[in-house]
There are 2 protein chains.
Amino acid sequence: MKGTYTYEYPRPSVTTDCVIFGFDAEGLSVLLIERGIEPFKGCWAFPGGFMQMDEDAETCARRELEEETGLKDVHVEQFGTFSDVNRDPRGRTVTIAHFALVKKAQVKGADDAAQAKWFPIGSIPPLAFDHDRILRVALKALREKIHFEPVGFELLPQVFTMPQLQDLYESILEVKFDRRNFANKMLKLGILTEVDDGTIRRGTRNPIKYSFNPESYSQMKAKGFRLEF
Amino acid sequence: MKGTYTYEYPRPSVTTDCVIFGFDAEGLSVLLIERGIEPFKGCWAFPGGFMQMDEDAETCARRELEEETGLKDVHVEQFGTFSDVNRDPRGRTVTIAHFALVKKAQVKGADDAAQAKWFPIGSIPPLAFDHDRILRVALKALREKIHFEPVGFELLPQVFTMPQLQDLYESILEVKFDRRNFANKMLKLGILTEVDDGTIRRGTRNPIKYSFNPESYSQMKAKGFRLEF
DNA sequence: TTGTTTATGTGTGAAAATTACGCAAATTAT
DNA sequence: ATAATTTGCGTAATTTTCACACATAAACAA
């Protein structure tokens, strides 16, 4: 692979980066990797790397994601490209930024790979390059996206409770909802399936379990809709 | 500028493209340029070109826009990056796609530059490269954007009428609204200023003139809002 | 000129959606 | 045991959306 490649005009490097969102009882967080080398040694960064000639951006982002964190088969989506002239001190680099949504519970063991660590969205350490800006844009993209698609379900375990779902929405949108109205709205969407876990008790501290119903959702999507919050 | 530039690893070319939206009584349209050379000779394409080492993507898009169409000082915004391995038969190329919103009325004279031509959104000729896909994504981005920001005002003349504004929204969103409800909603937003053109008559075929009020809008934006349609 | 058609502005009641809120039951904590 | 918390359920009040009719002046047709 390594060799010499010559062009008539100078070309920037092209990389991808991946902002990995996870969610649990502590709220929304992102998975970061500590840089072991200069520049920005000791700072934290999103997993990412150079795009190969035989892969497109999303493929690259998924490859880097797996290589650096072990994560695969997750929701990955491009949200912006960052091309400031001086964003990388080593040379001109353009990065195509993605966000990934992962079910944090099922990942707990997977991040043995390297020095990856989850940081709550409110306690982000110093980031390398322009990654702080990238994070802000990623959050904005996620917040807007949640109005059109139930992205939240990518972040929750397969089976979850209404309070969990509400916490998630409140974390992402940074607002508070009335318990009962939130549940009503969600249920009226018709994309939740009640999971029977044996316990039949109701109206109690033991919450009902739900799972997301992709079939209902795709039907719903075909007709066009908006999630209003 | 031209010379030889050598790298250890191969790099794709990086370009920008610009989907230019305009609007008039005939509806929404895009400004295209006819290709005079292969590949895709005779097809139409968005203005665009190679990113220089001393400019970021938006700067590049604006430069190409002015060079190829004469347009400047317009709304330009990135909406996606296209990186399919075979999207350009001449070699690996990544393009950072933007859309521009222009006041078509004020442009009529500016497109003497080259073989630029407006095409209604419903009558698009064969496009070069993956520009048909790029156009579809651009339209989707515009439709979503209009729910969060009054982008429409970039497309109308400084002074416009309520029916014009409604036509614009109907063209972009491809729906029909009730005249009275649309006007009520728009006026309630508080971002329109009535323009006194001397004529004091009301409730007649002679429509009231409005202009967009950026101050009210930025106040409104600070509080956070959504345009619902 | 005259009559006809079309586009525009205005307001109101009905329907729907949103919001606010109280209570009872079971788990958890003390 | 007792108290506090979490959860589910339902309803009344409010707000927002929606559908709709008419009067006026301009544009058009004769």
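**Exercise 1.** Find how the axes of helix α4 and helix α5 of chain B are placed, and name the residues that meet.

*Solution.* Step 1: in this predicted model, helix α4 of chain B covers residues 162–173 and helix α5 of chain B covers residues 179–189. Helices are DSSP runs of H or I with at least four residues, strands are runs of E with at least two, and both are numbered from the N terminus.

Step 2: the two axes come within 10 Å and cross at roughly 95°. Axes are lines fitted to C-alpha atoms, for helices over the stretch in contact, and angles run from 0 to 180 degrees between N-to-C directions.

Step 3: α4(B) and α5(B) are therefore roughly perpendicular to each other, a term for angles of 65 to 115 degrees.

Step 4: on the α4(B) side, B:M162, B:L165, B:Q166 and B:Y169 meet B:R179, B:F182, B:A183, B:M186 and B:L187 of α5(B). Contact means heavy atoms within 4.5 Å.

Step 5: sorted by class, this contact has seven nonpolar residues, one polar and one charged. Ala, Val, Leu, Ile, Met, Phe, Trp, Tyr, Cys and Pro count as nonpolar, Asp, Glu, Lys and Arg as charged, and the others, Gly among them, as polar.

**Exercise 2.** Describe the packing of α4(A) and α5(A).

*Solution.* Step 1: the axes of α4(A) and α5(A) lie 10 Å apart, at an angle of about 95°. α4(A) and α5(A) are therefore roughly perpendicular to each other.

Step 2: A:M162, A:L165, A:Q166 and A:Y169 of α4(A) meet A:R179, A:F182, A:A183, A:M186 and A:L187 of α5(A). The classes here are seven nonpolar, one polar and one charged.

**Exercise 3.** Work out the strand order of the open sheet in chain B.

*Solution.* Step 1: three strands stand in the order β9-β11-β10, with antiparallel pairing. Two strands pair if DSSP finds at least two bridges between them.

Step 2: β9 (159–161) and β10 (192–195) of chain B are the edge strands, each pairing on one side only.

Step 3: β9(B) pairs with β11 (residues 209–212) of chain B over three bridges, and B:T161 stands opposite B:K209 in β11(B).

**Exercise 4.** State which residues are closest to DNA strand D, and which polar contacts are made with this strand.

*Solution.* Step 1: 18 residues surround DNA strand D, and the closest are A:R180, A:R205, A:I208, B:R180 and B:T204. A residue is near a strand if one of its heavy atoms lies within 4 Å of it.

Step 2: polar side-chain atoms of B:R180 and B:N181 lie 2.7 Å and 3.3 Å, respectively, from a base nitrogen of strand D. A backbone N or O atom of A:T204 is 3.1 Å from a sugar or linking oxygen of strand D. A polar contact is a pair of N or O atoms within 3.5 Å; within protein, one must be able to donate a hydrogen and the other to accept it, and residues adjacent in sequence count only if both atoms are side-chain atoms.

Step 3: α5(B) gives the most to the surface near strand D, with four residues. That surface has three nonpolar, five polar and ten charged residues.

**Note on the model.** Residues are numbered from 1 along each chain as its sequence is written, and chains are lettered from A and ligands numbered from 1 in the order in which they are written. Local features need pLDDT of at least 70, side-chain atom pairs count only at pLDDT 80 or more, and totals for chains, interfaces and linings use all residues, while side-chain values use heavy atoms, leaving out hydrogens and water.

Technical notes. Angles under 35 degrees count as roughly parallel, over 145 as roughly antiparallel, 65 to 115 as roughly perpendicular and the rest as oblique.
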